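Colleague: I have a few questions about this model. Please keep the answers short.

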Amino acid sequence: MVIVCGPPAVGKTALADGLSKRLNLPVISKDALKEALMDHLGGAPAVGAAAFAVQFAIARELLASGVGIILEGPFFADQAELVEVTARGETVVLQLHCPLAELERRYIDRLGARHPSHRGFEALPDLRRRVRDGAYDPPAMRRPLLRVDTSNGLSPSEDEIENWVRGHLSNMPAPAV
């Protein structure tokens, strides 16, 4: 399992989608689940919690079946369910980060393209506080962790990230030629 984590607007979905193609693994995205739920239930805070619950339930089922996955989302440092899911097999963690000012700019820039039930400008104080407090840091999981700077592209590069993941997960198929 590959965990792609970090605060909103840091570039998790783009990296997860790219790695999905390179590693031939499905992505279970918290926001994709949340948006499907919002289509039916609206945009209350409980919908975000429900999306995490559904994400972890799907992850457990796929991992129990031997299916490798990419789990993508703005996970929290105190998220016990994430720790529990990682205990189900080999796991690596990609922690994305960039300066807070860049996160804010990206968050604001994408507001018009997001599902209408997502929070808007009113979420910026929470974003700032959570980033400053380390709330989006991954919980202590004793798993290989690679910090990825998304300030200006990806550092390390997507090729280097792919190689790092393959080097840490023994059941990864060889890259396609």
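Colleague: How much space lies in the largest pocket?
Modeller: This is a predicted model, so local features need pLDDT of at least 70, side-chain atom pairs count only at pLDDT 80 or more, and totals for chains, interfaces and linings use all residues. Residues are numbered from 1 along each chain as its sequence is written, and side-chain values use heavy atoms, with hydrogens and water left out. A pocket is an open set of points on a 1 Å grid over the protein atoms alone, where a 1.4 Å probe fits, with protein on both sides within 12 Å along at least five of seven lines. With volume taken as the space filled by probe spheres set on the points, the largest pocket holds about 720 Å³.

Colleague: Which residues lie nearest the centre of the largest pocket?
Modeller: Lining residues have an atom within 4 Å of a pocket point. The largest pocket has 32 of them. Nearest its centre lie P8, K30, K34, R119 and R130.

Colleague: How many residues of that lining are charged?
Modeller: Asp, Glu, Lys and Arg count as charged; Ala, Val, Leu, Ile, Met, Phe, Trp, Tyr, Cys and Pro as nonpolar; the others, Gly among them, as polar. The lining has 16 nonpolar and 6 polar residues. The charged ones number 10.

Colleague: Which helices each supply at least two residues of the lining?
Modeller: Helices here are DSSP runs of H or I with at least four residues, strands are runs of E with at least two, and both are numbered from the N terminus. The helices asked for are α1 (12–23), α2, α3, α5 (100–110) and α6 (124–133).

Colleague: What span should helix α2 have, and what is the distance between its end C-alpha atoms?
Modeller: Helix α2 covers residues 30–41, which is 12 residues. The expected span is 1.5 Å times one less than the number of residues. That should give 16 Å, and the end C-alpha atoms agree, at 16 Å.

Colleague: Where around the axis of α2 do its buried residues sit?
Modeller: Buried means under 20% relative accessible area, exposed over 50%, and partly exposed in between, with a 1.4 Å probe and protein chains only. In α2, K30, D31, L33, K34 and M38 are buried. They cover an arc of only 155 degrees, taken from the directions from the helix axis to the C-beta atoms, which puts them on the same side of α2.

Colleague: What covers those buried residues of α2, and which exposed residues does the face turned away carry?
Modeller: The cover includes β2 (27–29), α3 (45–64) and β3 (70–73), where contact means heavy atoms within 4.5 Å. The face turned away from the buried side carries D39 and H40.

Colleague: Is D39 buried or exposed?
Modeller: D39 is found in helix α2. Its relative accessible area is 56%. Therefore D39 is exposed.

Colleague: What do the buried residues of α1 pack against?
Modeller: In α1, K12, L15, A16, G18, L19, S20 and L23 are buried. Their packing partners are β1 (2–5), β2, β3, β4 (92–97) and α7 (158–168).

Colleague: Which residue follows α1, and is it buried or exposed?
Modeller: α1 is followed by N24, which lies in the loop between α1 and β2. Its phi is near 55 degrees, a positive value in a residue other than glycine. Most residues other than glycine have a negative phi. At 67% relative accessibility, N24 counts as exposed.

Colleague: Is A9 buried or exposed?
Modeller: A9 is found in the loop between β1 and α1. A9 has a positive phi of about 75 degrees although it is not a glycine. At 8% relative accessibility, A9 counts as buried.

Colleague: Where is there a cis peptide bond?
Modeller: Most peptide bonds are trans. Here omega is about 5 degrees at one bond, and P156 of that pair lies in the loop between β5 (145–149) and α7. The cis bond joins S155 and P156.

Colleague: Which residues does E90 contact, leaving aside its neighbours within four places in sequence?
Modeller: E90 is found in the loop between α4 and β4. At 33% relative accessibility, E90 counts as partly exposed. Its contacts are M1, H168, L169, S170 and N171.
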